[in-house]
Structures are given as structure tokens and as C-alpha cells.
Amino acid sequence: MYERGENVSLVDTLVSIGTERLGVSASEIDDLKRHLDNNVGAKDVMKEIQTGRRRYKIQGVPFFVIGAVDKEESYLGSPYGFSGAQDSSTFVDIFEEIAGNLA
């Protein structure tokens, strides 16, 4: 992807990633291209971005929101939100704390 020099803003690149790495089948390729070419879902994405900015005060990337959710995708307790590149131990500590709170 980006770290491999691939331009993820191009539809053909996204389709290649979908088929080669994410299991998008040949029968789904035309629908995926149409979806990406026509920006289907763009309004939903922008709505999610605005929600993140308001709820978590997101101002930059990367930004991570981690928390346990129930079947209705409601958070169980308060999620953790943090920005910037993080050491893997930060994620392990958060996952362990969340798991401990669920036990």
C-alpha cells in the first residue's frame, strides 16, 4: 500500500488491493469499481469524520479509537482515543486493560 509506493487514491490500486489482499472475487470487481468511481458512501465517510472530530477531538492522523463493543456496536465503557504513532506495547497495554475490564 502507501508504504510500498502504491497510490491508494487511485481506483485501480484499490481494486488490486481488494482482489489480491482482501479476497474480493472476480464477480465483485465491476461493482467495486463502480462504487469507487462514483464515490458511493462519500457522504457517510464525511459524516463519520465529522463525528470523530467532535466526539474525540481528532485533528490529525493517525488517530486510534479502541474499545470493546456489544452486538449493537455500542461501546462497553469508555473507549480509548489517542493520536500519533504508537509503540506496539501501547496497544497491548490497552487491549489487556479492556480485556480485564470485561472479565
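Which residue, with a positive phi, follows H3? The residue that follows H3 is Lys57, and its phi is near 60 degrees. This report describes the predicted model in which that residue is found, beginning with the chain as a whole.

**The chain as a whole**

The chain contains four helices and two strands. Read along the sequence, these elements follow the pattern α-α-α-β-β-α. The mean pLDDT of the chain is 89, and 97% of its residues reach 70 or more. Among the elements, helix H2 (residues 29-37) has the highest mean pLDDT, at 94, whereas strand S2 (residues 80-83) has the lowest, at 88.

The radius of gyration of the chain is 17 Å, while a compact globule of 103 residues would have one near 13 Å. Along its principal axes, the C-alpha trace spans about 45 × 30 × 30 Å. Of the 103 residues, 12% count as buried. The chain exposes about 8200 Å², and carbon and sulfur atoms supply 52% of this area. When contacts between residues at least 6 apart in sequence are considered, 16% of them join residues at least 24 apart.

**Helix H3 and the loop after it**

Helix H3 covers residues 42-56, which is 15 residues. At 1.5 Å a residue, H3 should span 21 Å, and its end C-alpha atoms are 21 Å apart, so the expected and modelled values agree.

The loop between H3 and S1 holds Lys57. Pro62 also lies in the loop between H3 and strand S1 (63-66). A cis peptide bond joins Val61 and Pro62, with omega at about 0 degrees. As a general rule, most residues other than glycine have a negative phi, and most peptide bonds are trans. A second residue to consider beside Lys57 is Glu73, which has a positive phi although it is not a glycine. Glu73 is placed in the loop between S1 and S2. The table sets out the phi and the relative accessibility of these two residues.

| Residue | Phi | Relative accessibility |
|---|---|---|
| Lys57 | about 60 degrees | 62% |
| Glu73 | about 65 degrees | 66% |

A residue counts as exposed when its relative accessible area is over 50%. Lys57 is therefore exposed at 62%, and Glu73 is likewise exposed at 66%.

**The nonpolar core**

Which residues form the largest nonpolar core? This core has six residues, namely Ile66, Ala68, Phe82, Phe91, Ile94 and Ile98. Helix H4 (residues 88-102) gives the most to the core, with three residues. In general, an α-helix has 3.6 residues a turn, so residues three or four places apart point the same way.

Ile94 lies in helix H4. Is Ile94 buried or exposed? The limit for a buried residue is under 20% relative accessible area, and Ile94 has 9%, so Ile94 counts as buried. Leaving aside neighbours within four places in sequence, Ile94 is in contact with Ile66, Tyr80 and Phe82. Ile98, another member of the core, touches Ile66, Gly67, Ala68 and Tyr80 when residues up to four places away in sequence are not counted. Ile66 and Tyr80 thus appear among the contacts of Ile94 and among those of Ile98.

A final distance relates the core residue Ile94 to Arg54. These two residues are 40 residues apart in sequence, and their C-alpha atoms are 23 Å apart in space.

Notes. Residues numbered from 1 in each chain as written. Predicted model: local features only at pLDDT ≥ 70, side-chain atom pairs only at ≥ 80, totals over all residues. Heavy atoms only, no water. Core = buried A, V, L, I, M, F, W, Y, C linked by side-chain atoms within 4.5 Å. Buried < 20%, exposed > 50% of the residue type's maximum accessible area, 1.4 Å probe, protein only. Contact = heavy atoms within 4.5 Å. Expected span 1.5 Å × (residues − 1). pLDDT = per-residue confidence, 0-100. Rg over C-alpha atoms; globule rule 2.2 N^0.38 Å. Areas by Shrake-Rupley, 256 points an atom, 1.4 Å probe, with all protein chains shown as cover.
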